[in-house]
Structure formats: C-alpha cells, structure tokens
6 protein chains.
Amino acid sequence: QMSFIIRSAFAKNRGLWSPVLGAVRTMSSAGDSTSSFTTLSVTRPADSITHVELNRPEKRNAMSRAFWSEMVDCFNEIAVDAECRVVIFSGAGKLFTSGIDLMDMASDILQPEGDDQARVSWNLRRVITKYQETFSVIEKCPKPVIVAVHGPCIGGGVDLITACDIRLCTQDAWFQVKEVDIGLAADVGTLQRLPNVIGSRSLVSELALTARKMYSDEAKSCGLVSRVFPDKEAMMAGALEMAGEIAARSPVAVQGTKINLVYSRDHGVTEGLNYMATWNMSMLQTHDLMKSAQAAIEKKGPKEVIFSKL
Amino acid sequence: QMSFIIRSAFAKNRGLWSPVLGAVRTMSSAGDSTSSFTTLSVTRPADSITHVELNRPEKRNAMSRAFWSEMVDCFNEIAVDAECRVVIFSGAGKLFTSGIDLMDMASDILQPEGDDQARVSWNLRRVITKYQETFSVIEKCPKPVIVAVHGPCIGGGVDLITACDIRLCTQDAWFQVKEVDIGLAADVGTLQRLPNVIGSRSLVSELALTARKMYSDEAKSCGLVSRVFPDKEAMMAGALEMAGEIAARSPVAVQGTKINLVYSRDHGVTEGLNYMATWNMSMLQTHDLMKSAQAAIEKKGPKEVIFSKL
Amino acid sequence: QMSFIIRSAFAKNRGLWSPVLGAVRTMSSAGDSTSSFTTLSVTRPADSITHVELNRPEKRNAMSRAFWSEMVDCFNEIAVDAECRVVIFSGAGKLFTSGIDLMDMASDILQPEGDDQARVSWNLRRVITKYQETFSVIEKCPKPVIVAVHGPCIGGGVDLITACDIRLCTQDAWFQVKEVDIGLAADVGTLQRLPNVIGSRSLVSELALTARKMYSDEAKSCGLVSRVFPDKEAMMAGALEMAGEIAARSPVAVQGTKINLVYSRDHGVTEGLNYMATWNMSMLQTHDLMKSAQAAIEKKGPKEVIFSKL
Amino acid sequence: QMSFIIRSAFAKNRGLWSPVLGAVRTMSSAGDSTSSFTTLSVTRPADSITHVELNRPEKRNAMSRAFWSEMVDCFNEIAVDAECRVVIFSGAGKLFTSGIDLMDMASDILQPEGDDQARVSWNLRRVITKYQETFSVIEKCPKPVIVAVHGPCIGGGVDLITACDIRLCTQDAWFQVKEVDIGLAADVGTLQRLPNVIGSRSLVSELALTARKMYSDEAKSCGLVSRVFPDKEAMMAGALEMAGEIAARSPVAVQGTKINLVYSRDHGVTEGLNYMATWNMSMLQTHDLMKSAQAAIEKKGPKEVIFSKL
Amino acid sequence: QMSFIIRSAFAKNRGLWSPVLGAVRTMSSAGDSTSSFTTLSVTRPADSITHVELNRPEKRNAMSRAFWSEMVDCFNEIAVDAECRVVIFSGAGKLFTSGIDLMDMASDILQPEGDDQARVSWNLRRVITKYQETFSVIEKCPKPVIVAVHGPCIGGGVDLITACDIRLCTQDAWFQVKEVDIGLAADVGTLQRLPNVIGSRSLVSELALTARKMYSDEAKSCGLVSRVFPDKEAMMAGALEMAGEIAARSPVAVQGTKINLVYSRDHGVTEGLNYMATWNMSMLQTHDLMKSAQAAIEKKGPKEVIFSKL
Amino acid sequence: QMSFIIRSAFAKNRGLWSPVLGAVRTMSSAGDSTSSFTTLSVTRPADSITHVELNRPEKRNAMSRAFWSEMVDCFNEIAVDAECRVVIFSGAGKLFTSGIDLMDMASDILQPEGDDQARVSWNLRRVITKYQETFSVIEKCPKPVIVAVHGPCIGGGVDLITACDIRLCTQDAWFQVKEVDIGLAADVGTLQRLPNVIGSRSLVSELALTARKMYSDEAKSCGLVSRVFPDKEAMMAGALEMAGEIAARSPVAVQGTKINLVYSRDHGVTEGLNYMATWNMSMLQTHDLMKSAQAAIEKKGPKEVIFSKL
C-alpha cells in the first residue's frame, strides 16, 4: 500500500520524479528496509530522501524499549549519511502512534531499582535523560525532518513531533498530550518544545493540563502543523514533494539553516547573529553559492544543479 | 446572580457535578467568601477548585492599593492550600477590570518621596517591584489558574491575565494595553509576558504602542484566549468544567506540568530538559502513576481515582 | 504618485490631519528628501513622523552596497532626531524589494580577500557582521518602525521587515525567504527573528527550507503582518494613521515600550521585569504622566496634549 | 566584653569616633538589642551601622529552626531601614557557628511529611527553598554586609558567609564545608557561591568533597577572607572601622555598587553594562554627586559630608 | 615502580589501608589493567577508587587518535560503574603528557576531507566537536576526578586537567598552553575552562597568548593546583589518601556535590539554587543521611560507615 | 625619556630586536605619533606592535571629553590595521592616570539636559552608554592589549585596565576604585569586569565600597596584575618583550584566542565549546598551522616564521 502511495506522489509531480521512481520501485521489490531495526523501517523513496517509519502497526506503533534506543542509532546514522539530505518520518498502519508502550516499559518506570529513595531517584533520572535523548537526536541531526501524522498521535508522539522541523497531518489526525492522565508531567520534550512550536500559551497550558484531544483543524490554525491533507496518500505525496524541494537545494544551505534555526530558538537575537556570522564565515565559501547564482542567471531551478555531498 | 451562573454550570454538566453542587449551595448561603480580603472574594464552588473574584464592582473592579497586596496574600495562601488544585479567576459585576485605580494609587506613583532625584527613583523602583510581585505570585503558585474575562479588560488587567495559565473570554470582552495612553511603559508584566502569550510580535507592538482595543474574535485568533463563550454564564460554566477536568487529575502531574511550563518559557530547551529530568526523578515515584495506570487498564476516567493531597 | 497617496491618507482621516497636510505639501514641493542618501529617500509626511523609502525603483529596490551602509547612517540619525517619534518604512515603485543586489555585492561575498582559508573566512565574518548591523540598527533605534510592504518582499527584504516593529502589507504582497535558493543560510537576521515574529515553527522551517512564497492571507493568519490592505494607497494611509496614533502619545512611554519589548524578547520574564523596574524608576517621573492623567480626566485624547521632545 | 571591644575599636580610631562613642555607650546600657529575635542580637554600635550577632553562644551558635526564619525578618527590616547604611555580622561567644542544629531541625529534614514519595519530595523542596532564602536575603539587602568570623565556621556557616559582601576573620578561625560528612550535598548556597568567592576551583572541589578544615592563612591566600586579625577584639575594631568608612560615603553610591556587583556576578559583561547604564541614568542625578565633588575640591573627606538618608 | 608507589601510599597511611593493600597487590600481580584500552591503563588500587593512567610512556604520553576515543569509552564506563566512587588520573613514565600526537593526528587536522571549502570546514567542526567530548566526559562523569601531574603537562594536557575536579602536582611539574605556538587557538577546553579554574584573567591571557611555561610554584599560587608534592611517589600517596577520604563518604553526597558544582559554574546563583533544591528534594531522602548523622553522634568517622552503592 | 626606555628594552633583548630598533629610532625622530589624537599618542616601537600612550601628562593623564571619543576611534582603527598584532597601552609622564577629568566633563554629568526628569535620565543613559563603549572597544578589538601601569591608577583608570588582556605594573603603582568617593557607583566597567579579573570577591567588594588604595604587591597576589617590575623602564622593556613574543606568533591563533577568551567569560562552558568549534572549523585551515608545525619539526621558534597579515 505504501509503495502505491509513493507512486502516486511521483505521478502527481508531473514527471519530474520519473527517473527517481524507478529507483524506488527497485528498492521496494528488494524489501522496504535496509536496516536491522525492529521498530523502525528505513527506506530511500527518492534520491537523497530517507523515509523512517515507525513500524509496529500491530501494536498501534506504541513506543517500546527497543524503540527508544533504535531511534538514537537511526538518527545518528542519518546525521552522517552523506546520501541523505532530508528525512520523512511517518507511522505504518492505521495511525501514527498510541504513545509509550507502558507494558513494555513498566519495569524501567514503575519499578526502578535502588537501595534507598535517593538511589531510586538517581536511576530514574538516568532513564529519563536517556529517553529525552531519543527525541533530541532528531534535533541534533542536521538534516531537516518532515513528520507526517495520520490518525491519533498520543503522548510520546507529541514529544516526538515537536522535535521535528516541519509537521504535516491528515484531516483525521488528532493530538493528545496524554501524560497528565497517567499521573506524570510530560518529561521527554513536550513541555519544553510545544510552547515554542505553537503560538498560544493559553492553548499549550490547556492541552497539557486537561489532556484533551486537538483535531487537525485546530492544529493547523494554532500552527502545530503547517498543512493538512485529506488523507494519508495525499499527505505522503505532499511530504515527498516538499522533501524533494528541500533535497534539491544546496545541503550546505539547508543544513546550515536547520542548525541555526535550532540555535536561535534557545538564544537571544544578538547571540544568534554572532553564531550565524561565525558559522557562515566558512560556509559562504561553498561552491554551491556560485553554482546557485549561475543557475539563477540562467533561469534554472535548483533541481537542475548538482551539489556535492555533505 | 453569580451563584445562579455556577448552578447553571453544574446543570449543564450532565449530573456529573451534582454532589458538588450541594456543597456549593451551602457555601453560598453561608456567604460567598471565607476570606477577609476587601478587594477579592474567595470561594470554593466545587471540590479542590478555588474561585477568586476581583470584587469591587462599584469601582469597575479597579485595582486599588489594597488589591495589590491582597493578591500576594491570597495567592501565597492558595499556593500551600492542599485543598485547592486549580484556581478560577474572574471579575464581579459588569466587567473584568478597568485597570489601575489611579486616584487611589496616585500618591505612590505621582508623588513618590525622596530627598533628591536618585532617592525618588529608588523609592519608585521599590514600589514597581512590589507591584510586579502582585502578578508574579500567580505564576509562582503551582496551581493552574484559569482566568475568565467578560467585558473590558484594561491596562493592569492585561498584566494580570498574561500571568495566568489559561485564558477564556466572552463574546463581548475586549482588551486594551492602556499604559501608553497615560504616559508610561507598561511595567508590571505585559511587555514581558504578552509576547510569549500570543504568536504575532507585530500585533504585540501595535497593541502596546497604539493602545487600541482588541475584541474577542481577534483575541481568539491571535491566541491570547483559547476559547470564546457567548456570555458570562456560559463562560463560567466552561471554566468550571475545565477546572473540574484539571482538578480530577493527579496534582503531582498537574502542578509539575505548570512549574515546568513556566520554567521552560524562560530557558532554552536543553536547560528545560535537564530541569525536567531532575524534577521527575522523584515525582515519577508518586503512587498517582500506578493508580492512573490501573484506572486506564480498567477503563476508568481520572475522576474515578482518588489522589492524595499535595 | 506617492504624494497623492499621502494626500489621500490625510483626506480619509476626517480633517484631523489638515494642518499637517499643508506641511507635507510644502515638503513635497521642496523635493521629497532632505537627505543625501542615494538608495533611501527620507521625508516628513506629518509632524513627528519620518518616512524612509527604499528608493531604487529602477533596480526593483535591490539592496546595493551603498544601501547597507546608508541604512546604518539613516537610522543612527533618526535615533537621536528629537523631531521624529515614529518611522514608516516602505519601498518606492512597483514592489517592496527584490532583495540583495547580487551583482553589486558579488565582490564582497563571492570573491572575499585573504591569503589563506582562515583569512578569507576572517574577512567574510567582518562583512557579514557589518551587514547584520544594517538591520539591527532598526531594532536599536528607540523610535517604533512601521513597515509597509507591497508586492514582492524577497530575501534580504524579509531580514529587514522582521527587524521592524509593526508589519503591514497589501493584498498583492508576497514574502520569500530566498537565501536557501542561492546556496546559503540566511545570515542577516531572518533565522534569528522570524521564529520570534510568527507563531508556528513548522511554518518558519518550511519557508526557510523550501524558499516557497507566502502570500498576504497566510502572512496575516500566521502573524507576520498585523493588517492587510487592498492596495498601496490604502496601506500608506493606514500606516500614516497608525503612525499618527503613536506619534501623538508620550515619546517617553512609546520609546520605553519599544526598548523593553526588544529587551524582553531576548531575556526571561524575571530578567525582563527587573530591567523594566530599573528603567521606570526614572521614566515614571516624566511630566507626560501627569499631562496624560489630566487629559484623561478632561476627556481629551492624546492628540490634544503637548509632550516635550525626547 | 563585646562593649569593651567596641570601645577599643573607637579608641583606636584617633578620636574620629568620639561623638558616636557616647551614643553606643548609651545604647549598651539600655540593653544590647532592640529587637525581639531569640537567635539574633541586633544593635547599633555607631551611626548608620547595624550589628547583627548570631546569639546562641550556649549552643555554639548552632542554626535552629527559629534562626532560619528570624534571619529573613531581620534582613528584610534592615533592607528598608533608612538609619542603616552598613551591617556587621558576627557570632557571640567563643566561636562563629557550629552550623545547622541537627537536633532542632531533624523533623524538617529527616522526617518530612507526605503520603507518597513524590509528596515527601515536594515538601522537602519547599523546606530547602525556604532555607535558601535565609541567606539570599543577605544578598538582596542593598546594604553591604561585613562578616567577621572567629573560631570555627562550619557547614551552614560557610553558606552564610559566602552570601556576605566582605569577609574578615581571626587568626584562629577555620572553615569547613561539612555537608558531605553528613551525607548530603550542600544545598543552601555554598556550592553556588563559593566558586565565585575564591579563585581556585580545584580548592573549592577539594573542600566540598573532603570536608577538610581550612585555616585562616589559607582562607586569606585563596581570597575567601580579605583580612586576618590577631584576635576577635582586633577584628571587631577593624570591622567597625571598615563599616565606618562605608557608612560615611554616599548611600546612593554604596548601595548601587552592591546591587550592581551582585547583578554582574550572574550576568555577562554586556548585560551588566546595560543594566548599570539603566541604573545610573537616575542615580547619577543624586545631590550626593555634587556634595562629594565639592568636598573633594575643598579637600574634605567623605566623613565631613552630610548625605540624605536612603 | 608504580606498584611500589602505591604501596608506599598505603604504608604512610598508618595501617588504615592495610586490608585494601592486599587487594591491590593481588590486582597488580594479575596485571595492572583489566581493560582493553591501548592508551589507558585502568586499575583499582583500593576499594571504590579507580586509577586511570595515560599509558604511552614511550611516546611521552602523547595523545594519539586512539586516545581520543578511548577516553570517552573509559569515562562512560566509569560513570555507571557502581564499584567506583572516585577516580585518580595520572601519567605513566617520566612525564604527564607532551600533548597532542601531531604525527598520528595529522590526517584529521591537517588534511581534512571535503569537496569545497564549506565541506572541509563542516568535517573539521565534526572532528573538533568529537575531540571536545573527550574531555567533557570527565566533567559529565559524576565521580570526582583527581588529576596528579608530574613533569611537563603540555597543550592538550592542560585541556584535560582543567576538566578534572582536583589538581595536584609535583615540584618539577610545569604547564604550557602550547596551542598558539602551532598556529591555532586552543579548541578542546582550555580557553573555556582555565579562566574558571584560576583566579587571575591577566595570567590566563598571558599563558594562552605567549605559550610560556608555568612552574609548580606559580601553579599553586594562582590556584591551578591545590597542592604541590616533592615527587611523584609522594603525590600518588597524597592522591590516594585524598581519594580515600572521598571514597569513604556517601556517594549520594559526593556525586551530587560534583554535579551541582559543575552546574553552578555555568549558571547564575539563582539558577543554581533552584536546581539544587530540585536535586535535593529526592537526594535528601537517602539513608546515608541518617547513617552519617548516627555515626556523628557515635563519634565515628565516615570510613566506619557502610553506604550502599550508587 | 620614553625613547630611551624603549632603547633599553631592545638592548636587553640580546640583539634580537636590533633591526626593529632602527625603525623605532626613525619613527621617534619623525615625531612620536602619526595620529592626530590630542589625548593619545600612537607609535610603532617594533614591527607589528602598536604603542598607545595616554598623553596628557600635564593634566595627570586625566580623562577629558576628547579622550572618551578618541579611544573609540583609535581602537577601531587598530582593530582593522593589519600591521598591528598586539597593543601596549601606558601613560605618559609621572603616573598612569588620575581618572576622569571632572572639570572637563562636568557639563555632561552634572548638568545633563532635558525638559523633565525622565528626559534628563534618558540623556544621561545615552552619555553613560557612550562612555562604556570607550573601554568596550578595547575588548572588541581582536588584537591583545597589554597595559603597563606606573604610579597611581585611579577611578576610570581601573575601568580601563580591566578591559585590557594582560596587566603589568611597577613597584610604585597603586590602584583605587574611586567612584564611591564622589557619590556614584562605577558605571563604565569596573563593577562588571573586576570580579572576573581577580579571584576574591571579598576583596572586590572591599575595594569598590571603601575606595581604599591597593598597592602593587596586593595587586600581584590577588591576580589583578600578572607581573610587577621595579620601575617604568623595566616594565616597558618587559611589556615590549612580551608583546614581541605575541607578535611573533600566528595572528590567526593569537586573535582567535582573545576572541574566544572574551566569549567564554560571558558564556557557560558548553556554549563556549560550541562557539569555539564553529570558530575553528575555518580557522584551523590556516597555512599558519602547517608553517608552525614545520618550524617545530625544524626546531625553529615562532620568530623565525613569516605569517601572512590578518
């Protein structure tokens, strides 16, 4: 089914993708994933685009113990994979994710070890810090990550998507900051990132304190997602088209943009400008600048320029 | 009239509130407020919910000298009141507040004491800092505060509501950052908190520099309020329902969520995650987590679980 | 044509502006600009209002080498010009700006000097820092700056407008973070300021990574601009009206508001409140406060009060 | 005995203090302390100088529950006492302090209340925060505090003295960061302030991790104290002389200096300069500046100038 | 030879160490190191004490490519090794370290890969960040690290020791911030940590800008080291004694102290106190507190108390 | 006399400086200064070394109005002067400086303009900010500045020297934070920079609050200066020797070191390391690295290597 969606995506893109399409078909026949992850499927639907899929559909893509460490390995690999310029993240099956797999993780969280109270706390802190890293790797990875959500996105799912760069969803998607319902304050990123992601703090507080569901319309109007699509097929096509736009541009420009956007979020404007100037004192010397300038003069689009790998 | 509204609120909530309703009625007959404040009325409309009302309707709820210190006492009490899990703040009478009571406060601001210029300034700074504390206590109080605005909310009123967690208003509400009209830069919180509260800086600047009124529709679309209700009765019912949702959840989770949301606003994401991990290393050990998990398995809602006081 | 627009603006303002109108007419007949800038036109359409126009219409208002340094001189002059209380910034001719003038600036950016790699980088950093200052002066200037955009606003244009305080645009305006298309990460302010300016980070990332155009409707709904006007004439009238509102208010209040809004953006709330209290310990002693209070009692508007220059 | 020391102090100061001396003698005969504190004695040994003495000599000046709250009241009073321009803090009896009174405080720390782990932690955090405030009030009080240490200064004593502005000690004084010996990380200020107070981090770590004693010589050479005196009498005389020097100067200058030194410790230099400029824009207008300038021209010392109270 | 030194250390410690001594002797006979590192030797000279030795004496302990990654593995292991409570770090052979092994690392630094200037820079940044991590792991490891320096400590050696907690050296030790001599600004920690470590910025600048040698006397007086010993044998004995003191204390207290000292260095005092309170709300509940209190009452030293592992 | 001192300096340096000496002599005969400053003399005593002398000996080098703006021009020129790699700053005549020239500056400070209190304050803030810039330019200039102090260094002199990189003084030098004596808190840098410069906060507070003199011995032991010389001649020779050492090294390394030392002072270690890595990703590609490495292999010192200008 997924391969059909991807095919549609290319079909809609007016032939531009046709050479890529062949490659995808080949990859698909050779099996979807070249990786050995058990909770993630990693494929290359088109040149320079990596597709990471949360792949436990039979468990509603719940986040198991394996998931938390596989994410770190997966994104650390992507971070240094010169063949990848942009990542699409989505969920396999009928929904995005039902959040943390409480059964599988109960021992970590509900029965932490330690000889006394302080030692139990010490170990819990180590666990939480490890789990936080699971989503922080998305942010540390310099390649932009487009996340595409369909159906429910619950609890840990919201932590995950707030660490991505661009958020898309389907009409039937809904989002729920569920943690307060199970007696804990969200501790792997939602409380830190959501207020930066959407424009209304009143809404952030309401969502985090009441655990109510937010549907796609509200998610669009508050800025959580930047686009809503009628269904998953259309969304994946849209995600691929957007990924294609990004992948076609200079990776020096694209990845420098992500790194500086993340840096600026956590620093004042003066700090951000200073860092940016120090960053670009070398990055402006890329050949990509001249190639792009020349293409612009020749009225060519970025997809007609060949940039070196990064 | 207020008691009628509260009754309606419960009536609309499909019987869920009926046991609580009796308690409220009793409280009302015994007098609205158990406190000795002259500018605030403090009641308990339902279990674990404290209702603080700005109560100088004959003065358009203007903020008098007494108000500025009573707020500090009131919220410091609430902060350690284990019976209270969530606060609703509203204005008595026909409007929310007309802002600072210039007549009453003239001596503090217009005729500050001091033997020379530096000493006058020194005393003024002490006064401003004290006034800032009036609204900062709302933020330091770990219980979430829902503010419900009807009619005008002017000057100091905007400072007040930006320090609350969730903002609701009626269709006829309007907001005005009035300070520039009386020759001063807003100094008790609006300039600091409003840009965090709504998503458009261009709008913040326009409001603060021109003192124009913003009506409920725009307040909703820019994210200042998260919901607009047709009238005060409906709003108070909505506030009570929302407060009920929050009060029913684990206070460890709810108050930890507020504390970390406030912390994250003023710190970068990395800082926020570190603080969160250190916070939750003990808070995750609450029995509320197990109780909530069990309730979830048994398909019970949070209102069916009994959590210890905090 | 511009003078016609300005006349219309005053005409629409119900006679309020009529004395000012004469002054403008005189200025216009005496030549639009009293300054000696080659890329900027600086006029005074009304009392206390300075109009800075990006004035290279034959070059689509592209930002040439001269522009980058003239902006610094221009806004440094405005910063200490007691006759100016508010600034309107717009573009002459058919569009706002096509962004950086690559041809004119190629030597700075594409052929930087230096004996080895480190020295080239060193010089580039000096250039970037100088260019950043071009827009930072807008922010450092204590007078509010209203920017009015019509038609395309591309690349450096977005850097420029995000450093202004209030953003208006026409129905036919569009915005494009173009830098990624020419192989570089935007380095003179967009990546630092845009995320503070609009409410949705997902949208910021999308715009900066794909270089897609954003039209006026979306610009309004995401908060980039606070108002959209049908055409340039209406927009300039609106800008003048808004500028008039601001210019009529106490400059101590207005400029203190801008300075503290900028300060608060880059600091936590506690820091911002401390700075504000220290700021106002002297500023509250302005006579403007008493004048404004008295006017309010006498039901006069701010335009009927005479404030000293600042 | 103390009054003898004070007398000596004045005697040594070449007659300068003689008028003051009479006042002190009177105060002494009227009883040492005008306050109602049980753990602190507060006197006025000379004009504008407040002497706070840790006054439980029979308990080795151990810090009891009463002490922790009396300190807050005491320094909050001093902060707004216009008669006080400088504070001397010392210990009554044979030593400065043996630190926390574990017996008296056991219930707070060793048997905190709470229905489950999270609630116990919650209450402990409230207690720690309250105890931290005990020493932070010294820092928030704008009057400079000179602390004079004789004999042992253990545990909480080190937390206390690091919050003071100037540290003096006797030859027989020694200092011990004792907390690690009773199984806890020092949590009321030592770990935060000591590294700012002395120049060698290696030494800070050694002291905090091994709980070894540091004697007066090392305390002087590492910068913990700025002067060592042969005995308590000489130290008290020295403290009074230094306090006299400070009290004789403009309180606007002195207290502004303290406030900005504390501010600068926690902020970068750019931040500190901005705050300082905003501070002094009003404080420079004090008459003290002109009085001091005139005195300088007339070759008078600060003690010959009368400054208004602050 | 090393085992002789260790024996002496124990011999000097008045029999206290005798049971431990046996264990050490056994370890020594079984080979010094249980690890598989090629540049580091890791042993356990006494209970709870880990000794890490820079072990390329034939290469003057120069830091090779292997060293940079082995350090990360080594300290990550130590961080979670419950048997280790304190670390001693020293150099094998005749000197501490001659710094970076330029020959071995030339390819990384002198011939970085990349298709154009920007890509070479990108890769270099990755390399530098990786090297920085080599010393940052020392800081992130919660166990205190005592570093013992004999003979030259050059270049990268200074980066290394500034990341340790306590610094000791021999009379013949000298330190040299060598980087400026090979044409680069020190980039793996010296410029960031040295100014926090010693008290005089003038001296820091002089050392970093002139690359002059600093001998042990000056190192002691400026606070770089906290103790100087006549020779390596005495120093190792001293290090072991100090390590024994630390290892005997509650690991909850010791490691909490280190974590909060590091945190406080990079944050203001208010921030540090908030973090400390949140940290100790759980850590104060350790049984170690009660055990220590009881031991104190019974006049026992910390070495007579058994604390659980952490 | 000065030229004699310089001659001596070179004489002592064993012939190394002889070719340079000729150049100096020529410069001297042609007049000491090529600049048109009235309060500063700017010369080049040796290749790549700029000597800036505070040159109003007849006025005890008091800081007049001209001085405050000439400093900015002077150091802005030096910042981009590729011929200069290091700066020596000293005072002409019998002492370093008596501080601010109150007579000359009285109008700025004692009689500021403005129609009301707020406007006077506003103008004062502008003046203070301008004066702060006078010393901040020293810090922003990437060339290291060695300051050599003889005799008194009072008030503004301390502000000045704390902004320099390396401080030397003569035996007869003394330092006085004088501001509190004329009724103001030091506002052009001392309160911000002195606590970073010396290791003991107790001493900083004592100096700033009592305005007592500190002599050269104490200045050395507390770390304010890193070396004390018997007299001015010896000091100038020492300064020239040290400047020669610095000037001989790679300017990429030297200036990068200064920039990162200043950056690190105001940022945490993690921030500093990130900035450093971003800085060196281009700076490591300098040819100076290879030249230095080669020189090291050939046992040549830095003075035998020719580095390109920067």
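**Exercise 1. In what order do the 3 strands of the open sheet in chain B lie, and what is the pairing?**

The model is predicted: local features need pLDDT of at least 70, side-chain atom pairs count only at pLDDT 80 or more, and totals for chains, interfaces and linings use all residues. Residues are numbered from 1 along each chain as its sequence is written, with chains lettered from A and ligands numbered from 1 in the order in which they are written.

Solution.
- Take strands as DSSP runs (E, at least two residues), numbered from the N terminus.
- Pair two strands if DSSP finds at least two bridges between them.
- The order is β5-β7-β8 in chain B, with mixed pairing.
- β5 (152-154) and β8 (213-215) of chain B are the edge strands, each pairing on one side only.
- β5(B) and β7 (residues 174-176) of chain B run parallel, joined by 3 bridges.
- Within β7(B), B:Trp174 is the bridge partner of B:Pro152.

**Exercise 2. Find the operation that lays chain C on chain B.**

Solution.
- Superpose by least squares on the C-alpha atoms of residues with pLDDT of at least 70 in both copies.
- A turn of 120 degrees and a shift of 0.0 Å along the axis give an RMSD of 0.0 Å.
- The two copies are therefore related as by a three-fold rotation axis.
- C:Gly199 has the C-alpha nearest the axis in chain C, 2.3 Å from it.

**Exercise 3. State how chain A is divided, and what each domain gives to the contact.**

Solution.
- Domain bounds come from an automatic or database domain assignment.
- Chain A splits into domain 1 (2-247) and domain 2 (251-304).
- Count a contact when C-beta atoms, placed from the backbone, lie within 7 Å.
- Domain 1 of chain A gives 8 residues and domain 2 of chain A gives 7 residues.

Definitions and conventions: Contact = placed C-beta atoms within 7 Å. Helix = DSSP H or I, 4+ residues; strand = E, 2+ residues; numbered from the N terminus.
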